[in-house]
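Thanks for making the time this morning. I would like to walk through one structure with you, going from its charged contacts to its strand pairings and then to a few backbone details.

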Amino acid sequence: MSRIGNNPVAIPDGVTVEVKDNVITVKGKLGELTQEYSGIEIKVEEGNVLVTRSSDKNEQKAKHGLYRSLINNMIKGVSKGWTKELELVGVGYRASNQGQKLDLALGFSHNIVLDLAPEVKVETISEKGKNPIVKLTSHDKQLVGQVAAKIRGFRKPEPYKGKGVKFVGEELRRKAGKSA
């Protein structure tokens with residue numbers, strides 16, 4: 001039994017939800033998102049979105065909770081937005097941006113220049129004595145997570161000194177070095 005799928009999703013003020021031809025569209029002040037669905041039924045009633053399934057097959061049980069979570073993320077995204085922050089830990093690691101171009105110096109011979117999608121807003125914060133921070137903001141949770149994972153993949157944190165690109169607040173498993 002999907003406990004998540006049974007919960008209704010509340011629609012805040014300023015957000016409209018349309019369901020038509022197996023496509024759900026969510027519009028809000030920050031943007032518009034669409035999602036195709038299959039195998040379940042979605043209804044909009046009294047300021048809530050209800051997700052129901054017709055049978056107890058495993059495939060429908062899985063989709064029940066999945067689509068409820070996706071709809072919830074879409075509604076939160078178009079009303080509040082999603083943010084991911086990445087921290088660059090290492091000597092000489094720098095980040096700067098010109099519009100949608102992110103320029104990263106991560107210890108390679110050349111800088112990494114990344115063109116970001118127009119839906120993702122990027123901001124770089126560099127304070128003296130602190131590690132540079134790259135802040136990504138968008139209304140699409142999946143897109144922000146994908147871009148953040150791509151940036152982190154350029155130089156993953158290594159377990160001995162902790163150098164690399166990590167999420168702010170991420171706990172790293174550190175290993176002991178050589179023992180004398």
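Let me begin with Arg152, whose side chain forms a salt bridge with Glu170, the closest N and O atoms lying 2.7 Å apart. Because Arg152 sits in helix α3 and Glu170 in the segment after β13, this pair ties together parts that are 18 residues apart in sequence. Arg152 counts as buried, at 18% relative accessibility, whereas Glu170, at 22%, counts as partly exposed. The cut-off matters for how we read those two values, because buried means under 20% relative accessible area. I should say at this point that we are looking at a predicted model, so please take each value in that light.

How many salt bridges does the model contain under the rule used here? The count comes to 7, and I will mention two others besides the one between Arg152 and Glu170. As a general point, side chains of opposite charge can pair when their charged atoms come close. Glu127 and Lys130 meet through their side chains in a salt bridge, with 3.5 Å from N to O; here Glu127 is partly exposed at 44% relative accessibility, while Lys130 counts as exposed at 58%. Glu41 forms a salt bridge with Lys43, and in that case the closest N and O atoms are 3.8 Å apart. Both ends of this contact are partly exposed, Glu41 with a relative accessible area of 44% and Lys43 with 35%.

Staying with charge for a moment, which residues form a positive surface patch? They are Lys76, Lys80, Lys84 and Lys141. Of these, Lys141 has its place in helix α3, which covers residues 141-154, and Lys141 is partly exposed with a relative accessible area of 39%. Lys80 also gives us a useful distance, since I can set it against Thr52: the two are 28 residues apart in sequence and 26 Å apart in space, taken from C-alpha to C-alpha. Thr52 itself is in strand β6, residues 48-52, and is partly exposed, its relative accessible area being 32%.

A contrasting pair is Gly77 and His139, which are 62 residues apart along the chain although their C-alpha atoms are separated by 4.3 Å. Gly77 belongs to helix α2, which runs over residues 58-79, and Gly77 is buried, with a relative accessible area of 0%.

Let me turn now to the strands, and to β7 in particular. Strand β7, residues 82-89, runs antiparallel to strand β12, residues 133-138, and 6 bridges join them. Within that pairing, Glu87 has Ile133 of β12 as its bridge partner. Strand β7 also pairs with strand β13, residues 164-167, again in the antiparallel sense, over 4 bridges, and there Leu88 stands opposite Val165 of β13. If you are following the side chains along these strands on the screen, recall that in a regular strand the side chains alternate between the two faces of the sheet.

The other pairing I want to show is that of β5 with β6, which is antiparallel and extends over 5 bridges, with Glu45 having Asn48 in β6 as its bridge partner. The hairpin made by β5 and β6 has 2 residues between the strands, and in it Glu46 takes a positive phi near 50 degrees. Glu46 is found in the loop between β5, residues 41-45, and β6, and with a relative accessible area of 81% Glu46 is exposed.

Why single out that phi value? Most residues other than glycine have a negative phi, and Glu46 has a positive phi although it is not a glycine. Where else does a residue other than glycine have a positive phi? One such residue is Asn22, whose phi is near 55 degrees. Asn22 lies in the loop between β2, residues 16-20, and β3, residues 23-28, and Asn22 is partly exposed, at 44% relative accessible area.

To close, the contact I would ask you to look at again is the one where I started, the salt bridge of Arg152 with Glu170, and after that the hairpin of β5 and β6 with its positive phi at Glu46.

How values were computed. Residues are numbered from 1 along each chain as its sequence is written. This is a predicted model: local features need pLDDT of at least 70, side-chain atom pairs count only at pLDDT 80 or more; totals for chains, interfaces and linings use all residues. Side-chain values use heavy atoms; hydrogens and water are left out. Two strands pair if DSSP finds at least two bridges between them. Patches are made of residues with over 30% relative accessible area and no salt bridge: like charges are joined within 9 Å, nonpolar side chains (Val, Leu, Ile, Met, Phe, Trp, Tyr) within 5 Å. Accessible areas come from the Shrake-Rupley method with a 1.4 Å probe; for residues, only the protein chains shown count as cover. A salt bridge is a side-chain nitrogen of Lys or Arg within 4 Å of a carboxyl oxygen of Asp or Glu. Lys and Arg count as positive and Asp and Glu as negative; His and the chain ends are not counted. The place of a charge is taken as NZ of Lys, CZ of Arg, CG of Asp or CD of Glu. Buried means under 20% relative accessible area, exposed over 50%, partly exposed in between (1.4 Å probe, protein chains only).
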